[in-house]
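Colleague: I should be grateful for a close look at a single part of this model, followed by a connected account of its surroundings.

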Amino acid sequence: METVMEQGSQRRHHVVVVGAGFGGLFATKALRKAPVDVTLINATTYHLFQPLLYQVATGILSQGEIAPPIREVLKRQDNVDVRLGTVTGIDVAARTVSVDAPGLDYTVGYDTLIVAAGASQSYFGNDQFADFAPGMKSIDDALELRARIFGAFELADLQTDPEAIERYLTFVVVGAGPTGVEMAGQIAELAHRTLPGQYKHIDPRKARILLVDALPAVLNTFGDHLSTRALRQLHLLGVEVELETRVVGVDATGIEVETKRGHQRIPSMTKMWAAGVSAPPLARKLGEAAGVETDRAGRVHVNPDCSLPGHPEIFAVGDMMALDETPGQQLPGVAQVAIQSGQYAAGQVRRRLAGQPAGKPFKYFDKGSLATISRFSAVASIGKLRLSGFVGWTIWLVVHLLYLVGFKNRVSAVMHWAVSFLGRGRSERVSTFQQAFARSAVRAYGDPWERGRADDRS
Ligand SMILES: Cc1cc2nc3c(=O)[nH]c(=O)nc-3n(C[C@H](O)[C@H](O)[C@H](O)COP(=O)(O)OP(=O)(O)OC[C@H]3O[C@@H](n4cnc5c(N)ncnc54)[C@H](O)[C@@H]3O)c2cc1C
């Protein structure tokens, strides 16, 4: 491993941005005309539009459409240097960050640091569930789920035992927030619209799709009216919704739940987890390095201007910041909070460099919430407006097109949406051998590549 020290001789004010998600990317863009040099460090080479991950998992969109290369997005911004790597440590005294990249460690110095490392999946202390119920946070997760979902129909078609067929055709989605509702709705559409007629030995319409949540309502944050509408729509699609149901166990062949009726085991080969989030490991490291507290979810407490107490040169924005504009009420982990806080932090940097007084505290402007349930059906909560059905879906379509990054991606997403929403098809059903032998299979049967090599040797 080589260690590289960089940026020691920066002449202009040097801003290091960690994370190229919504917070980091929009902060970087907002510094385009500022008299600064920006180093943007991200663990992957692409910016990820997480709200459409479920469409990659269910074969509607390709991964490229929601994950444009960061370099391409920023190619016209001369003052930014895009660097691949995972930030593993922050030295607030020396003002440096340490970065791990494949085959290379390096250190970058900063004058201002903006950290926007997002959130991680939380299994509420049951990390062992992850092998059997992948979350939905990354392209890897979405592709693994795609392989598992389409693979389950394939494997069901090969079974002769009715119980095994049922186990393969039972899909359990844990968590009835927007992601869980969208996943369940899309699997139901696959089973009822896309796949019928394509198998000789099973009827995909017999698939059971269960959506479970410990809370008493779906889309809990959308309010009673839209929650009831979403529930009705899910029932129409054939999704079984089990509320006030707590998941207490997940393994390769099923899921264990506690309900008001008692303990129950649901045999199912395909489970997915859309139930909780926690701050990423870097949030804890940042809190410890800067002597700042983190909240129960591990998010870093910030000042009203998104900077860290005692460290005006460090900002934490987006999902990993804990900021209660209204006492006792944390800002939600949504894209608009990340975008607006990233832009706000960049604005503070510009003001300081221009010798202007600090601006007003960060104020989140809530543009509303959207969730799709199936094609032509979504719910939208915008200010006092509560919309559902086709009107809600049209708003969903326009908003997602507007925020999808990159013109090419918008054009090809529209074409793929036409295939799925106007027709019955799914353009992206391919999964690779690696994805098909994903986590739990590798655990259960060993690494297929290793086995292949062993077979070659024998
Ligand atoms: C499945 C799903 C669906 C969602 N749907 C919606 C929706 O419909 N509407 C909505 O408003 N919000 C939605 N969200 C939430 C929204 O995506 C997040 O609030 C938003 O992405 C947060 O932006 P961020 O910049 O804080 O973090 P992210 O967008 O998560 O970006 C964090 C970035 O930091 C990088 N990173 C992490 N750790 C490190 C490190 N140590 N070093 C270097 N880089 C690092 C990551 O690779 C990533 O690029 C959804 C989220 C998910 C997961």
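In which sense do strand β11 and β12 pair, and over how many bridges?

Modeller: The model is a predicted one, and what follows is to be read in that light. Strand β11, residues 208–212, pairs with β12 in the parallel sense, and four bridges join the two. One residue of this pairing can be named on each side: Leu 210 has Glu 240 in β12 as its bridge partner.

The pair belongs to an open sheet of four strands, arranged in the order β12-β11-β10-β16 with parallel pairing. The edges are taken by β12, which spans 239–242, and by β16; each has a single partner strand, so one side of each is left without a neighbour in the sheet. From one strand to the next the twist averages 20 degrees.

Two helices are to be considered with this sheet. α7 packs on it and touches β10 (170–174), β11, β12 and β16, its direction making about 175 degrees with that of β11. Helix α8, residues 224–237, lies across β11 and β12 and runs at about 135 degrees to β12.

α7 and the edge strand β16 also appear together in the lining of a cavity. The count comes to one cavity of 30 Å³ or more, and the largest cavity has a volume of about 30 Å³. Its lining consists of Met 136, Leu 145, Val 173, Thr 179, Met 183, Met 272, Trp 273 and Ala 274. α7 (178–194) and β16 (270–273) each supply at least two residues of that lining.

A second open sheet may be set beside this description. It has three strands in the order β22-β23-β24, and the pairing is antiparallel. Its edges are β22 (369–374) and β24 (385–388); each has a single partner strand, so one side of each is left without a neighbour in the sheet. Neighbouring strands here are turned by 10 degrees against each other on average, direction ignored. β22 and strand β23, residues 377–382, run antiparallel and are joined by five bridges. Within this pairing, Thr 372 stands opposite Ala 378 in β23. Helix α11, residues 389–403, packs on the sheet and touches β22, β23 and β24, with its direction at about 75 degrees to that of β23.

Aromatic contacts come next. Ring pairs link Phe 376, Phe 390, Trp 393, Trp 396, Trp 417 and Phe 421 into a cluster. The count for the model comes to 15 aromatic pairs.

There remain the hairpins formed by β5, β6 and β7. Strand β5 (residues 86–91) and strand β6 (residues 96–101) pair in the antiparallel sense over five bridges, and Asp 91 stands opposite Thr 96 in β6. These two strands form a hairpin with four residues between them, and Arg 95 in the turn has a positive phi of about 55 degrees. β6 pairs in turn with strand β7 (residues 104–109), again in the antiparallel sense, over six bridges. Ala 101 stands opposite Leu 104 in β7. The hairpin of β6 and β7 has two residues between its strands, and Gly 103 in its turn has a positive phi of about 75 degrees.

Two charged side chains complete the account. The charged end of Arg 83 sits over the ring of Tyr 106, at 5.4 Å from the centre of that ring. The charged end of Lys 29 likewise sits over a ring, that of Phe 26, 5.6 Å from its centre.

Terms used
Residues are numbered from 1 along each chain as its sequence is written. This is a predicted model: local features need pLDDT of at least 70, side-chain atom pairs count only at pLDDT 80 or more; totals for chains, interfaces and linings use all residues. Side-chain values use heavy atoms; hydrogens and water are left out. Two strands pair if DSSP finds at least two bridges between them. Axes are lines fitted to C-alpha atoms, for helices over the stretch in contact, and angles run from 0 to 180 degrees between N-to-C directions. Contact means heavy atoms within 4.5 Å. Rings of Phe, Tyr and Trp (its six-membered ring) pair if their centres lie within 6.5 Å; planes under 30 degrees apart count as stacked, over 60 as edge-to-face and the rest as tilted. A charge sits over a ring if NZ of Lys or CZ of Arg is within 6 Å of the ring centre and within 35 degrees of the ring normal. On a 1 Å grid over the protein atoms alone, a cavity is a set of points where a 1.4 Å probe fits but cannot get out, and a pocket is an open set with protein on both sides within 12 Å along at least five of seven lines; lining residues have an atom within 4 Å of a point. Grid points are joined across faces, edges and corners, and a volume is the space filled by probe spheres set on the points.
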